[in-house]
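Work through the following exercises with the sequence and the 3D structure at hand. Each task is followed by a solution in steps.

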Amino acid sequence: MLITPRPGADRRNIRKVLNDVRFKAMALRGPAAGSAFSRLLKYLEWATAAAELLRSQVSDKDIGHLVFTRRYESLLGNCGTLAGTDQQRLVNGLVDLEVTERIQALEAAGNALEAQIARWTGNEWFVVADSSFYIHNTVALADADLHQVLGLPPNEHLRLLFPIAVVDELDSLKDAGKHQARWRASHTLGLLDGTLSGSTFGILRYADNSGEPATWRGEVNVEIVMDEPGHVRLPITDDEIIDRAVAIQTLAARPVRLLTCDTGQHTRGRAAGLKVTKVPAKDPGPEPDWEAQDKPGNGTRAKRRERQAAQQEASTE
């Protein structure tokens, strides 16, 4: 599983806490002095201390998966009835099983964190764009100059990250959106499919260091960031995208740039600690003459409506 960091957490601290909690759990395994009931109490004390250490680093959902499992709840709720000598073997077996599984879960979380950190160590600018950018930017993604949009030197490398929530939203727009939204969504997804070829990472634009340095162009990579198993999305997709971008920022240990055409998303992203670039959408042009629009027209359709109204009035007399 890939953990979800708390906002402001440091990935080095997360890694350290995961290891510390796991090592303390390993000390609970094997034969121990005292009764099985005293061993149960030591396990419950470990769980409380582990949750306290993890609470400032990872989400409550992660703590539930790593520490406060259903078996923990059962052992905690019934610990008062498990003190008898006839239950020694049962209690020892349950504690052994639970401790072993907690160690495995903590190790898997640590390994997933290490793998993610290793993937995100390159010298790149990290960028997350919401659906509004792909739909309302003045040009489609294939023709967009992301360096210019972001105000970055053209020879810098970029990684354009697609939280899977963005991909799902584009999928829905290509089937149910308006004309431009349908075309842009299909265009973006088609470009992703062609670049990734079934993977989650690919190169959208290769670096070009030929010629004079002033003409060099940086590489643009794309990556789909999947939801970890058991992840529950936030009810509002815009909030989910920002939440994912903040988590990426912590795990990658670098700023994540958010691209959007929406004023509300711009404000929410800034409030969450992201550096946001609001891209102007299509200019609506000068304000129409609303009074003139409210007056009856004199075109063919207007005259037809007048004739129909007159005929209906005459038929009712």
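**Exercise 1. Helix α8**

Against which elements do the buried residues of α8 pack? Identify those residues, place the helix relative to the sheet, and check its length.

Solution. The model is a predicted one.

Step 1. List the buried residues of α8: Ile164, Ala165, Val166, Val167 and Leu170.

Step 2. Find what they pack against. The partners are the strands β1, β2 and β4, together with the helices α6, α9 (179-196) and α10 (237-252).

Step 3. Place the helix. α8 covers residues 164-176 and lies across β1 (125-129), β2 and β4. Its direction makes an angle of about 65 degrees with β2.

Step 4. Check the length. The expected span of a helix is 1.5 Å times one less than its number of residues. For the 13 residues of α8 this gives 18 Å, and the end C-alpha atoms are 18 Å apart, so the two values agree.

**Exercise 2. The sheet**

In what order do the six strands of the open sheet stand? Name the edge strands and describe the pairings that involve β4 and β5.

Solution.

Step 1. Read off the order: β3-β4-β2-β1-β5-β6, with mixed pairing.

Step 2. Find the edges. β3 (201-205) and β6 (275-278) each have a single partner strand, so one side of each has no neighbour in the sheet. From one strand to the next, the twist averages 30 degrees.

Step 3. Describe the pairings of β4. β3 and β4 run antiparallel and are joined by four bridges; Phe201 has Glu223 as its bridge partner in β4. β2 (residues 158-163) pairs with β4 (residues 220-225) in the parallel sense, over six bridges. Here Leu161 is partnered by Glu223, and Phe162 stands opposite Ile224. Glu223 is thus the partner of Phe201 and also of Leu161.

Step 4. Describe the pairings of β5. With β1 the sense is parallel, over four bridges, and Ala129 has Leu259 as its bridge partner in β5. β5 and β6 also run parallel, again with four bridges, and Leu259 stands opposite Thr277 in β6.

**Exercise 3. Burial of two strands**

How many residues of β4 are buried? Treat β5 in the same way and assign the side chains to faces.

Solution.

Step 1. Count for β4. Six of its six residues are buried, and the strand is mostly covered.

Step 2. Split β4 by face. Val220, Val222 and Ile224 lie on one side, and Asn221, Glu223 and Val225 on the other; all are buried, so both faces are covered.

Step 3. Count for β5 (residues 256-260). Five of its five residues are buried, so the rest of the structure largely encloses this strand.

Step 4. Split β5 by direction. Val256, Leu258 and Thr260 point one way, whereas Arg257 and Leu259 point the other way.

**Exercise 4. Loop residues and cysteines**

Is Asn137 buried or exposed? Give its surroundings, then examine Ser197, Ala253 and two of the cysteines.

Solution.

Step 1. Locate Asn137. This residue lies in the loop between α6 (131-136) and α7 (146-150).

Step 2. Apply the cut-off. Buried means under 20% relative accessible area. Asn137 has 5%, so the residue is buried.

Step 3. List its contacts. Leaving aside neighbours within four places in sequence, Asn137 touches Ser132, Ala144, Arg184, Cys261 and Val279.

Step 4. Take the cysteines. Cys261 is buried at 9% relative accessibility, and Cys79 is also buried, at 19%. The whole structure has zero disulfides.

Step 5. Turn to backbone angles. Most residues other than glycine have a negative phi. Ser197, in the loop between α9 and β3, has a positive phi of about 50 degrees. Its relative accessible area of 64% makes Ser197 exposed. Ala253, in the loop between α10 and β5, has a positive phi of about 55 degrees.

**Exercise 5. The whole protein**

What share of the 317 residues counts as buried? Add the other totals.

Solution.

Step 1. Count the elements: 13 helices and six strands.

Step 2. State the burial: 40% of the 317 residues count as buried.

Step 3. State the surface. About 17700 Å² is exposed, and carbon and sulfur atoms supply 52% of it.

Step 4. State the contact range. Of the contacts with a separation of 6 or more, 70% join residues 24 or more positions apart.

Terms used:
Residues numbered from 1 in each chain as written. Predicted model: local features only at pLDDT ≥ 70, side-chain atom pairs only at ≥ 80, totals over all residues. Heavy atoms only, no water. Buried < 20%, exposed > 50% of the residue type's maximum accessible area, 1.4 Å probe, protein only. Contact = heavy atoms within 4.5 Å. Pairing = 2+ DSSP bridges. Axes fitted to C-alpha atoms, helices over the stretch in contact; angles between N-to-C directions. Disulfide = S-S within 2.5 Å. Areas by Shrake-Rupley, 256 points an atom, 1.4 Å probe, with all protein chains shown as cover.
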